[in-house]
Amino acid sequence: MYFPLFLDLLQKEILVVGAGKIASRRIHSLCGFAGHITVVALRVPEEFEKKTGIHLCEVRKRATAADMIESDGTRITVFERAFEESDLNRKDFVLAATNDAELNNQIGALCRARGIPVNVCTDAKSCDFQFPSVIEDESIVIGLNASGRDHRLVKETRRRVEKLFENADFRSRYENR
């Protein structure tokens, strides 16, 4: 079991490796909470904009250039290239969310060696923290998690919690998910 802990991420540097379905969902959830997110992905799919709600003009394919965008007050830098160990420099949290389990585990090991908390989306046992399903309203934030063991239970619980707030005009960041 994991202890629910709410952190102020506005001054934290977050790295997300990957831009697929899971990475996009997590980036979307972090917008408005995090000050800066760096995304590194071999390929940024067209669905990235739809799933994150972030509109990229053009992702540059050189390691020295990137799209810098802002969403809900969160600065997001996107690099379309392979992950490099130097991407971990000065990062406070890392989400290894590629579709390559071996790469995710490699990133996890590098983070642990540097003392950087990491979430490895392909291996719950390799995670230093779990990423919750987030429901928010202007005055309340609810995080739901089943210790990475039962995503269906989290989804069903989320629906039930949101239903409790329907009459109170409760808004969810994942209304369409």
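**Burial, helix faces and a pocket**

Biologist: Leaving aside neighbours within four places in sequence, which residues is Leu42 in contact with?

Modeller: In this predicted model, Leu42 sits in the loop between strand 2 and helix 2 (47-52). Its C-alpha lies 7.5 Å from that of Gly18, a residue 24 places away in sequence. Apart from neighbours within four places, the contacts of Leu42 are Glu80, Arg81 and Ala82.

Biologist: Is Leu42 buried or exposed?

Modeller: A residue must have over 50% relative accessible area to count as exposed. The relative accessible area of Leu42 is 67%, so Leu42 is exposed.

Biologist: And Ala41, buried or exposed?

Modeller: Ala41 belongs to strand 2 (residues 36-41). Leaving out neighbours within four places in sequence, Ala41 is in contact with Gly18, Ala19, Phe79, Glu80 and Arg81. The cut-off for burial is under 20% relative accessible area. Ala41 has 5% relative accessibility, and therefore counts as buried.

Biologist: How many ångströms separate the C-alpha atoms of Ala41 and Phe83?

Modeller: The two residues are 42 residues apart along the chain. In space, the separation of their C-alpha atoms is 6.9 Å.

Biologist: What percentage of contacts between residues at least 6 apart in sequence join residues at least 24 apart?

Modeller: The protein has four helices and eight strands, in the order β-α-β-α-β-β-β-α-β-β-β-α from the N terminus. Of its contacts between residues at least 6 apart in sequence, the part that joins residues at least 24 apart is 56%.

Biologist: How many of the 10 residues of helix 1 are buried?

Modeller: The buried residues of helix 1 are Ala23, Ser24, Arg26, Ile27, His28, Ser29 and Leu30. Helix 1 is largely enclosed by the rest of the structure, because its buried residues number seven.

Biologist: Which residue with a positive phi follows helix 1?

Modeller: The phi in question is near 95 degrees. The residue is Gly32.

Biologist: Which residue has a positive phi although it is not a glycine?

Modeller: Most residues other than glycine have a negative phi. One residue in the loop between strand 4 (74-80) and strand 5 has a phi of about 60 degrees. That residue counts as exposed, at 72% relative accessibility. The residue is Arg90.

Biologist: Which residues of helix 3 are buried?

Modeller: Helix 3 (residues 101-114) reaches 20 Å from its first C-alpha to its last, close to the expected 20 Å. Its buried residues are Asn104, Ile107, Gly108 and Cys111.

Biologist: Why do the buried residues of helix 3 line one face?

Modeller: An α-helix has 3.6 residues a turn, so residues three or four places apart point the same way. Viewed down the axis of helix 3, its buried residues line one face because they fall within an arc of 105 degrees.

Biologist: Which exposed residues are on the face of helix 3 turned away from its buried side?

Modeller: The cover over the buried residues of helix 3 includes strand 1 (13-17), strand 5 and strand 6 (118-120). The face turned away from that buried side carries the exposed residues Glu102 and Ala113.

Biologist: Which strands do the buried residues of helix 4 pack against?

Modeller: The buried residues of helix 4 are Val154, Arg158, Val161 and Glu162. They cover an arc of only 100 degrees around the axis, so they are on the same side of helix 4. The face turned away from the buried side has the exposed residues Arg152, Arg160, Lys163 and Leu164. The buried residues pack against strand 7 and strand 8.

Biologist: Which element supplies the largest share of the lining of the second largest pocket?

Modeller: About 850 Å³ of space lies in this pocket. Of the 25 residues that line it, the closest to its centre are Leu5, Phe6, Gln130, Phe131 and Pro132. Helix 1 (21-30), strand 5 (93-96) and strand 8 (140-144) each supply at least two lining residues. The largest share, four residues, comes from strand 8.

Biologist: How many residues of that lining are charged?

Modeller: The lining of the second largest pocket has 20 nonpolar residues and five polar ones. The number of charged residues is zero, as there are no charged residues in the lining.

Terms used. Residues numbered from 1 in each chain as written. Predicted model: local features only at pLDDT ≥ 70, side-chain atom pairs only at ≥ 80, totals over all residues. Heavy atoms only, no water. 1 Å grid on protein atoms, 1.4 Å probe; cavity = no way out; pocket = protein on both sides within 12 Å on 5 of 7 lines; lining within 4 Å. Points joined across faces, edges and corners; volume = space filled by probe spheres on them. Nonpolar A, V, L, I, M, F, W, Y, C, P; charged D, E, K, R; others polar. Expected span 1.5 Å × (residues − 1). Buried < 20%, exposed > 50% of the residue type's maximum accessible area, 1.4 Å probe, protein only. Arc of directions from axis to C-beta. Contact = heavy atoms within 4.5 Å.
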